[in-house]
Amino acid sequence: SFPTPRSSDLAKAKIRVGLHNHSRIQPDEVATPDDFAKALDGASPYMGINLDVGHFCAAGFDAVAFIQQHHQRIWSLHLKDRKKNQGPDCLFGEGDTPVREILLLLKKDKFDIPAMIEWEPKEGDKVADIRKCLDYCRKVLG
């Protein structure tokens with residue numbers, strides 16, 4: 001079971017808590033759609049999801065379909081491009097994560113979900129790489 005803050009405390013303070021996923025599918029991790037469902041079952045309406053789309057893809061799940069189905073409970077997105085099957089992080093557009101499709105879905109359906117670029121590689125010019133990712137987002141969104 002997943003420990004969650006008391007519903008009354010969250011509602012009183014009007015604090016949203018977003019569960020963040022990783023790609024490791026293990027009992028002590030939130031990684032799968034079922035993990036999110038279990039964690040949120042009966043939880044406060046202030047409990048939601050901070051979906052890391054790169055980890056979600058690397059674990060073998062469809063982030064676009066998940067966002068379409070659960071957008072009401074997604075508080076934020078971590079935008080990251082990764083290869084499938086636990087693959088490495090990539091610049092946007094070079095991995096298997098459907099970053100373009102996610103951005104277009106948010107725009108088309110007017111989902112009010114903040115999306116943050118998350119860049120974690122240990123090598124390279126991180127500032128230049130983040131600029132490339134931001135430029136990719138700007139180009140996709142026009």
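In this predicted model, helices α4 and α5 are roughly parallel to each other, because the angle of about 20° between them falls under the 35 degrees that bounds that class. Helix α5 also packs against α6, and α5 gives five residues to the largest nonpolar core, the most of any element. The points below take up the two helix pairs, the core and one loop residue.

**Packing of α4 with α5**

- The axes of α4 and α5 lie 9 Å apart, and the crossing of these two helices is right-handed.
- On the α4 side the contact is made by A63, V64, I67 and Q68, while α5 contributes E101, I102, L105 and L106.
- Sorted by class, the residues in the contact of α4 with α5 comprise six nonpolar, one polar and one charged.

**Packing of α5 with α6**

- Helices α5 and α6 meet at an angle of about 50°, and their axes are 10 Å apart.
- That angle makes α5 oblique to α6, because it lies neither under 35 degrees nor within the range of 65 to 115 degrees that counts as roughly perpendicular.
- The crossing of α5 and α6 is right-handed, and the contact is formed by V99, R100, L103, L104 and K107 of α5 together with Y136, C137, V140 and L141 of α6.
- By class, the contact of α5 with α6 holds seven nonpolar residues and two charged ones, with no polar residue.

**The largest nonpolar core**

- The largest nonpolar core has 32 residues, and those with the most contacts inside it are F36, L51, V53, I67, I74, L77 and I102.
- Two or more residues of this core come from each of the helices α2 (33–40), α3 (53–58), α4 (63–70), α5 (99–108) and α6 (126–141), and likewise from each of the strands β2 (47–52) and β3 (74–79).
- Once neighbours within four places in sequence are left aside, I102 is in contact with V53, A63, V64, I67, L77 and L79.
- In soluble globular proteins, nonpolar side chains tend to be buried together.

**The loop residue D62**

- D62 is placed in the loop between α3 and α4.
- With a relative accessibility of 47%, D62 counts as partly exposed, because this value lies between the 20% limit for buried and the 50% limit for exposed residues.
- Although D62 and T97 are 35 residues apart along the chain, their C-alpha atoms are separated by 8.7 Å.

Key. Residues are numbered from 1 along each chain as its sequence is written. This is a predicted model: local features need pLDDT of at least 70, side-chain atom pairs count only at pLDDT 80 or more; totals for chains, interfaces and linings use all residues. Side-chain values use heavy atoms; hydrogens and water are left out. A nonpolar core is a set of buried Ala, Val, Leu, Ile, Met, Phe, Trp, Tyr and Cys residues joined through side-chain atoms within 4.5 Å. Buried means under 20% relative accessible area, exposed over 50%, partly exposed in between (1.4 Å probe, protein chains only). Helices (H or I, at least four residues) and strands (E, at least two) are DSSP runs, numbered from the N terminus. Contact means heavy atoms within 4.5 Å. Axes are lines fitted to C-alpha atoms, for helices over the stretch in contact, and angles run from 0 to 180 degrees between N-to-C directions. Angles under 35 degrees count as roughly parallel, over 145 as roughly antiparallel, 65 to 115 as roughly perpendicular and the rest as oblique. A crossing is left-handed if the near helix is turned anticlockwise from the far one by less than a right angle, and right-handed if clockwise. Ala, Val, Leu, Ile, Met, Phe, Trp, Tyr, Cys and Pro count as nonpolar, Asp, Glu, Lys and Arg as charged, and the others, Gly among them, as polar.
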